[in-house]
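Student: I've got a model open and I'd like to go through some of the labels people put on it. Can we take them one at a time?

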Amino acid sequence: MPIKQIVSDAGIVCLVGGASVDAAEIHQLSPFVSKHIGVDGGADSLLQAGITPAAVIGDLDSLSEHARATFADLLCHIPEQSTTDFEKALTRVSAAAIIALGFTGGRIDHALAVLNVVARYPDKNVLLADANDVSFMASQGRTVLYLPRQTRVSLMPLGTARVSVSGVQWPFADQEMHPTGFISSSNAVADDAVVIDAAGPLLITLPRSHLAAALKAVVPA
């Protein structure tokens, strides 16, 4: 049975998860997004930031009573336990791109579970954001990034991928990549454009300060 969409938006939607997120981080993203969604306990972070979400989605076991009461009319309780709250929210949101904040900090098993979901839903155009980084899946085909020279660019396969990259300090061509094989962490921009050709699940990570460039790569004008 198709999953019913709870939020649909032609712009960029921000999911706020339950990892530690302060109000300043949320407000820094606000100019880029048209709607916010609280994912379970992430609704408390939105409450503290003074932002009313379009919806609060999840099994709601981490939601405070204060947030539960404040957003009572916005709660979308999904009690099944076969998926994470992140997947529950992601599959019920339709948008040009989705920024996910508050999902990559804290426990490593939680972070790995998030990467598992991102790899399985490449069409969702997810950007994982935290205080340090922004990460997103390479296009199946070509991704072009315009960044200042020496900017850190990490290419991390989430499965078997065949990748070529130019415009970086350590370029390579037609290279098979795998989580337990060849990876390219902490590469760096060395030319006017970084061109990445990828077949397979490849995660690109940039410094958070280059969110705008990441968005442009994910959602070209």
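Tutor: Sure. Start with pairing: two strands pair if DSSP finds at least two bridges between them. Keep in mind that this is a predicted model.

Student: What makes β12 and β13 a pair?

Tutor: Four bridges join β12 to β13, and the definition asks for at least two, so they count as paired. The two run antiparallel, and V163 stands opposite Q175 in β13.

Student: How do you know that β12 also pairs with β15?

Tutor: Five bridges link β12 (residues 161–166) with β15 (residues 194–199). At least two are needed, so that is a pair as well. S164, for instance, has D197 in β15 as its bridge partner.

Student: Why are β10 and β13 said to stand at the edges?

Tutor: The open sheet has four strands in the order β10-β15-β12-β13, with antiparallel pairing. β10 (141–145) and β13 (172–177) each have a single partner strand, so one side of each lacks a neighbour in the sheet. From one strand to the next, the twist averages 20°.

Student: What sits between β12 and β13?

Tutor: Five residues, in a hairpin; G167 in the turn has a positive phi of about 85°.

Student: Why is T151 called buried?

Tutor: Its relative accessibility is 7%, and buried means under 20%, so T151 qualifies. T151 lies in the loop between β10 and β11 (152–157).

Student: What makes the link from T151 to P148 a polar contact?

Tutor: The T151 side chain reaches the backbone oxygen of P148 at 2.6 Å. The limit is 3.5 Å, so the pair is within it.

Definitions and conventions: Residues numbered from 1 in each chain as written. Predicted model: local features only at pLDDT ≥ 70, side-chain atom pairs only at ≥ 80, totals over all residues. Heavy atoms only, no water. Axes fitted to C-alpha atoms, helices over the stretch in contact; angles between N-to-C directions. Buried < 20%, exposed > 50% of the residue type's maximum accessible area, 1.4 Å probe, protein only. Polar contact = N/O pair within 3.5 Å; in protein donor to acceptor, adjacent residues only side chain to side chain.
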